[in-house]
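Here is a short tour of one chain, meant to be read with the model open beside you. Please load it and follow along.

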Amino acid sequence: MGADAAPPLRQRFAGTAVATRYELTLPDLGMEQGPITVGLWLVEPGTWVAEGDPVLEILAGPAVIDLPSPGDGLLIERLADEEEPIEVGQLLAVIEAEDE
């Protein structure tokens, strides 16, 4: 898990299945930055991603930056559209993995 990644949240669903939920948020890029927008989603909902796999590109001035998955799991929700302005700390995607 990356240094900026939040620890996974654990949720209990119907029955005994337990899932780990990872939240992909926009980290503080640590540089003087103007508007930041979602560039391109690299993964569709329902797709399995491994920790560190690029999930989306963000545009910060002239820079194009890949945001990696904070954990292994299924991308279940994208919470921002392409070309949408975003802010540091904003929740962008939810990734979930069923624990055994």
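The report below goes from the overall fold to the sheet, the core, the surface and the charged pairs.

This is a predicted model, in which local features need pLDDT of at least 70 and side-chain atom pairs count only at pLDDT 80 or more, while totals for chains, interfaces and linings use all residues. Residues are numbered from 1 along each chain as its sequence is written, and side-chain values use heavy atoms, with hydrogens and water left out.

**Overall fold**

The chain has 0 helices and 9 strands; both are DSSP runs numbered from the N terminus, with helices being H or I of at least four residues and strands E of at least two. Of its 100 residues, 33% are buried. Here buried means under 20% relative accessible area, exposed means over 50%, and partly exposed lies in between (1.4 Å probe, protein chains only). Contacts are heavy atoms within 4.5 Å. Among contacts between residues at least 6 apart in sequence, 54% join residues at least 24 apart.

**An open sheet**

Let us turn to the strands. Four strands form an open sheet in the order β6-β5-β3-β8, with antiparallel pairing; two strands pair if DSSP finds at least two bridges between them. β6 (63-68) and β8 (85-86) are at the edges with a single partner strand each, so one side of each has no neighbour in the sheet. The antiparallel pairing of β3 with β8 runs over 2 bridges, and P85 in β8 is the bridge partner of T37.

**The nonpolar core**

Which residues touch the most other members of the largest nonpolar core? They are L26, W41, L56, I58, L67, I86 and L92, out of 19 residues in that core. A nonpolar core is a set of buried Ala, Val, Leu, Ile, Met, Phe, Trp, Tyr and Cys residues joined through side-chain atoms within 4.5 Å. Two or more residues come from each of β2 (18-25), β3, β5 (54-60) and β9 (91-99), with β5 giving the largest share, 4 residues.

L67 is a good place to zoom in. This residue lies in strand β6 and is buried, at 4% relative accessibility. Leaving out residues up to four places away in sequence, L67 touches ten residues' worth of listed partners, including L24, L26, L56, I58 and L92. The C-alpha atoms of L67 and E57 are 6.1 Å apart, although 10 residues separate the two along the chain. With the same kind of neighbours set aside, the contacts of L56 include V38, W41, I65 and L92.**The surface**

About 5900 Å² of the chain is exposed, and carbon and sulfur atoms supply 51% of it; accessible areas come from the Shrake-Rupley method with a 1.4 Å probe, and for residues only the protein chains shown count as cover. W48, L74 and I76 form a nonpolar surface patch with about 290 Å² of accessible area together. Patches are made of residues with over 30% relative accessible area and no salt bridge, like charges being joined within 9 Å and nonpolar side chains (Val, Leu, Ile, Met, Phe, Trp, Tyr) within 5 Å. L74, found in strand β7, is partly exposed at 33%.

**Charged pairs**

How many salt bridges does a search of the whole structure find? It finds 2, a salt bridge being a side-chain nitrogen of Lys or Arg within 4 Å of a carboxyl oxygen of Asp or Glu.

| Salt bridge | Closest N to O |
|---|---|
| R21 and E23 | 3.3 Å |
| E44 and R78 | 3.7 Å |

The E44 and R78 pair links distant parts of the chain, 34 residues apart: E44 is in the loop between β3 (36-41) and β4 (48-49), and R78 is in strand β7 (residues 73-78). E44 is partly exposed at 48% relative accessible area, and R78 is partly exposed at 31%. In the other pair, R21 counts as buried at 18% relative accessibility, whereas E23 counts as partly exposed at 26%.
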